[in-house]
Structure formats: C-alpha cells, structure tokens
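Please look over this structure with its charged pairs and helix packing in mind. The report below takes them in turn.

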Amino acid sequence: YILKYNMIYYICNCPKDITIPINDFQAYKTFKSKNYVYNKKWIAESQGVKCGEQVPSQFPVIVRPITNLYGMGKGTYYLYNNKSIQKDCFWTEILKGNHISLDVFYNKHGIQKTIAFRGYPGKLFTFLCWEYLPDYEISSEINNWINTHMKNYIGVFNIEIIGDKIIECHLRMGDLNQFQSEKLTCEVIKCYKNMKISHVKLPKIYLIPIFVKKNGYKKLRKEDIWYCSRITNTRDIVLNYFIDPPPSNTSNPIGGDRICNLTVIDVRKGFILKKAILDYFKTNY
C-alpha cells in the first residue's frame, strides 16, 4: 500500500507548492476559510436536520462530537434517555437510508467528478464493508448544498451522506487512494490546479475493515495476512491492505478497534479471508 503523501508527491510528482491535505488536521489548517464545515452541528442545521446541545424531547438520538478531526466515528454514541449530553457534543435525529462516502472533485469548473462508496454498517458505528459504486449519482439536494457551501473551494473534499442528508464534510480526499491508481491521483492533482478532470476507468472494489473487540488491539503482521490468504485461496482477490497503527495514534468507534483494512475485488472471498484473519488473530495474538 502506497501512502497518500508518497503517491501524490513521489509517484505522481505533484509540485511541492501545491498542498494536498492527507488528513483532517492538515486540511483544517490549510483551508481556514472553509474549515467551518468540520462543525457537524452546523452541517445538520444547514439542511434542516433536527439537532441540539441540550437534552432532546424525543429518543433515541445519536450524539456526536461537534468537531472531530480524528475520524472513524470517534466519540459517537446512541442516547436512549434524558441523560445530559457530553461536553463539546450535540445530538441529532437518527437518519435512515444508505450510508455513502462521497469524494467530490470541485473547482472553478464546478463538480468535476464524484467517487462513491456505500458503507454497510456493523455494530456500534463499525462497518462490515464499503462497496465502490461506479454509477452513483448525487441528488439535486446534495448538488445544491455543494454549490452553495463549497463555492470557491478548489480541490477534492469528502462528504458522508445518510439517505439524502450530509452528516460530515472533510476538506480532503476519502478512500481514493484505495484504488492505488497513478492515473486517478494525477486527476486529483489537476483538480487542485483548477483544471478540468479527465475520465479514469476504475475497477470494482470493496473495502473490508477488520475490527477486534475494544481495547483488544495488537499490531497485525503482513506475513499473517498472506498466510491467511494462502490457506483460504484468496490471494488473487487482494489488491492491497493497510495495517492500522495502535488506537492511541488514531481513532476508533465504540464498537471496536480496527487492526486492518483490506481492498478486494471479490466481496464473498473477502469475507472468507476476514474470518480467517480474525480466527488467526484470536489464536495467536
């Protein structure tokens, strides 16, 4: 797996005077005129979604940090009764519909391109997998929100959508690097140069995160991933993988700690490999 920074600046030779953020901390500092979009309460209010910082009158609701630059659902939980809301958090109504992570190429030419992944929820804000949707089309409501609130932005940003409502906005790319595509990364660079984007054919892929129980993290070894792929005859479906650092260096949802993320071309075989890795992890770690 080639890291985003290396892919952008060393493989694709992006000029160093063009800043392409690879995480939310960097993006928040880089795009100061737009970083208010990291305020999730503002995101909800901008779309008329019910929310607030005081105890709601109806339950259940979801409680989220107002701002979270760590990602992965850190600090998010369900509230079922009239307990007080944690500091620096707010509640929002529970939205229904597909969970979509959408990368948007945007500059003076408008919305140039979008790349969508559908997330299939697991327990407590974890995900079973993410599926690339090559034919996904944004709704007129989302289109209007983007053109209203992202006007004058230049680059790629990521929004997370449930149903037809945006729940988060990030001023950096989302899962684009999972394709490990030089051609796609070159289009990212062109977007930051305020240029028009060309079409890049992308393979159908699935991202399969592997979570273990909370506080059960131990660093997985790459040789163990390949061992599990050999014994399950799934080596040919793995495009790449990313081994997660300890939770103290990143963030995780309350439903578990992620140890690895697989990028595969066959979701059925991908789940077979995931089970083998979890079984191996439980036995040997």
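## Report on the predicted model

I111 sits in strand β6, which spans residues 110-121. The model is a predicted one. The relative accessible area of I111 is 25%, so this residue is partly exposed. Leaving aside residues up to four places away in sequence, I111 touches V104, F105, Y106, I138, N143, I146 and N147. Take N147 from that list. The C-alpha atoms of I111 and N147 lie 8.2 Å apart, although 36 residues separate the two along the chain.

## Salt bridges

Side chains of opposite charge can pair when their charged atoms come close. How many salt bridges does the structure hold? The count is 10. Three of the pairs are tabulated here, each with its N to O distance.

| Pair | N to O distance |
|---|---|
| R172 and D24 | 3.0 Å |
| K41 and E45 | 2.6 Å |
| K214 and D257 | 3.0 Å |

Start with R172 and D24, whose side chains meet in a salt bridge. This pair links distant parts of the chain, 148 residues apart. R172 belongs to the loop between β9 (165-170) and α5 (182-192). D24 belongs to helix α2, residues 24-30. Are these two residues buried or exposed? Both R172 and D24 are buried.

K41 and E45 form a salt bridge within one helix, α3, which covers residues 40-45. The two are four residues apart there, so about one helical turn separates K41 from E45. Their accessibilities fall into separate classes. K41 has 16% relative accessibility and therefore counts as buried, the cut-off being under 20%. E45 has 43% and therefore counts as partly exposed.

The salt bridge of K214 with D257 again links distant parts of the chain. K214 lies in the loop between β10 (206-212) and α6. D257 lies in strand β12, residues 257-264. Along the chain, K214 and D257 are 43 residues apart. K214 is partly exposed, with a relative accessible area of 34%. D257 has 3% relative accessibility, so D257 counts as buried.

Salt bridges also join R221, E223 and D224 into a network. D224 comes up again below, in a helix contact.

## Helix α6 against helix α7

Helix α6 covers residues 222-231, and helix α7 covers residues 267-284. Their axes come within 9 Å. The crossing angle is roughly 125 degrees. Why are α6 and α7 called oblique? An angle of 65 to 115 degrees would count as roughly perpendicular, and one over 145 as roughly antiparallel. The α6 and α7 angle fits neither range, so the two helices are oblique to each other. The crossing of α6 and α7 is right-handed.

Which residues make the contact? From α6 come D224, I225, Y227, C228 and S229. From α7 come L273, A276, I277 and Y280. By class, the residues of this contact are seven nonpolar, one polar and one charged.

## Helix α1 against helix α5

Helix α1 covers residues 4-11. The axes of α1 and α5 come within 10 Å and cross at roughly 80 degrees. That angle falls in the range of 65 to 115 degrees, so α1 and α5 are roughly perpendicular to each other. In this contact, M7, I8 and I11 of α1 meet E182, T185 and I189 of α5. The residues of the α1 and α5 contact divide into four nonpolar, one polar and one charged.

Methods:
Residues are numbered from 1 along each chain as its sequence is written. This is a predicted model: local features need pLDDT of at least 70, side-chain atom pairs count only at pLDDT 80 or more; totals for chains, interfaces and linings use all residues. Side-chain values use heavy atoms; hydrogens and water are left out. Axes are lines fitted to C-alpha atoms, for helices over the stretch in contact, and angles run from 0 to 180 degrees between N-to-C directions. Angles under 35 degrees count as roughly parallel, over 145 as roughly antiparallel, 65 to 115 as roughly perpendicular and the rest as oblique. A crossing is left-handed if the near helix is turned anticlockwise from the far one by less than a right angle, and right-handed if clockwise. Contact means heavy atoms within 4.5 Å. Ala, Val, Leu, Ile, Met, Phe, Trp, Tyr, Cys and Pro count as nonpolar, Asp, Glu, Lys and Arg as charged, and the others, Gly among them, as polar. A salt bridge is a side-chain nitrogen of Lys or Arg within 4 Å of a carboxyl oxygen of Asp or Glu. Buried means under 20% relative accessible area, exposed over 50%, partly exposed in between (1.4 Å probe, protein chains only).
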